[in-house]
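I sat down with a new model today and kept a running notebook. Here is the chain I was looking at.

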Amino acid sequence: MKKIDLIILAAGKSSRFGSLKGFAKYKGKALLESAINLHEKNFYGNTFVIYSRDSMEYKKTLQYKYPKVIFVENKTPEHGPFSSLQAGVERVSANHFFVLPVDCPARN
């Protein structure tokens, strides 16, 4: 297995969606948990979930279920997804990494 880190961009408000998109189910599984599980199953790098004060529920709900996941707060989410990417890239330690928006289904 290759060491590849994963940055999941999850700092949005999901205001148009009506609830946090990462908790939405796709084929019976929450989008965010599917991405975490897929990465943990296939790679041995770090998983970073970038959240904000508007999406802090991800950390509250999942930090104990996924103790290896590193939750990173984007303190300036109003600057858009690129600010979340920057927050994640600052923490990457692997030579390679993936970036995945929280609302993209991940499946085996």
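My entries below go from the sheet to the cores and then to two residues of one helix.

**Entry 1: the sheet**

A reminder to myself before anything else: this is a predicted model. I started with the strand order. Four strands make up an open sheet, and I read them off as β5-β4-β1-β6, with parallel pairing. I then asked which strands sit at the edges. They are β5 (70-73) and β6 (96-101), each of which pairs on one side only. I also looked up the twist: on average, neighbouring strands of this sheet are turned by 25° against each other, direction ignored.

**Entry 2: pairings, one by one**

I went through the bridges next. β1 and β6 pair in the parallel sense over six bridges, while β1 and β4 do so over four bridges. β4 and β5 run parallel too, joined by four bridges. Ile8 made a handy marker for me: its bridge partner is Leu100 in β6 and Val49 in β4. Further along, I noted Glu73 of β5 as the bridge partner of Tyr51.

**Entry 3: what packs on the sheet**

Helices came next. I found α1 lying across β1, β4 and β6, at about 175° to β1. Helix α3 (residues 81-89) lies across β1, β4, β5 and β6, and runs at about 150° to β1. I checked the handedness of one connection as well: β4, α2 and β5 make a right-handed β-α-β unit.

**Entry 4: a look at β4**

How many residues of β4 are buried? I counted five of its five, and noted the strand as mostly covered. Thr47, Val49 and Tyr51 point one way from β4, Phe48 and Ile50 point the other way, and all are buried. I was happy to see the textbook pattern: in a regular strand, side chains alternate between the two faces of the sheet.

**Entry 5: the cores**

The largest nonpolar core has 16 residues, and Ile8, Leu32, Ile36 and Val49 touch the most other members. I asked where its residues come from: β1 (4-9), α1 (31-42), β4 (47-51) and α2 (57-62) each supply at least two. α1 gives the most, with three residues. I also picked out Ile36 and listed its contacts: leaving out residues up to four places away in sequence, Ile36 touches Ile8, Thr47, Val49, Tyr66 and Val69. There is a second, separate core of seven residues, and Ile7, Leu9, Val72 and Val92 are among them. As a general note to self, nonpolar side chains tend to be buried together in soluble globular proteins.

**Entry 6: two residues in α3**

I finished with Phe82 and Ser83. Phe82 is in helix α3, and Ser83 lies in helix α3 as well. Which one is buried or exposed? Ser83 has a relative accessible area of 9%, so I filed Ser83 as buried. Phe82 comes out at 54% relative accessibility, so I filed Phe82 as exposed.

For Ser83, I followed the side chain and found that it reaches the backbone oxygen of Thr76 at 3.1 Å. Setting aside neighbours within four places in sequence, Ser83 is in contact with Asn74, Thr76 and Pro77. For Phe82, I looked up one long-range distance: its C-alpha atom and that of Leu9 are separated by 9.2 Å, with the two residues 73 apart along the chain.

Definitions and conventions. Residues are numbered from 1 along each chain as its sequence is written. This is a predicted model: local features need pLDDT of at least 70, side-chain atom pairs count only at pLDDT 80 or more; totals for chains, interfaces and linings use all residues. Side-chain values use heavy atoms; hydrogens and water are left out. A nonpolar core is a set of buried Ala, Val, Leu, Ile, Met, Phe, Trp, Tyr and Cys residues joined through side-chain atoms within 4.5 Å. Buried means under 20% relative accessible area, exposed over 50%, partly exposed in between (1.4 Å probe, protein chains only). Contact means heavy atoms within 4.5 Å. Two strands pair if DSSP finds at least two bridges between them. Axes are lines fitted to C-alpha atoms, for helices over the stretch in contact, and angles run from 0 to 180 degrees between N-to-C directions. A crossover is right-handed if, with the strands pointing away from the viewer, the path from the first strand over the helix to the second runs clockwise. A polar contact is a pair of N or O atoms within 3.5 Å; within protein, one must be able to donate a hydrogen and the other to accept it, and residues adjacent in sequence count only if both atoms are side-chain atoms.
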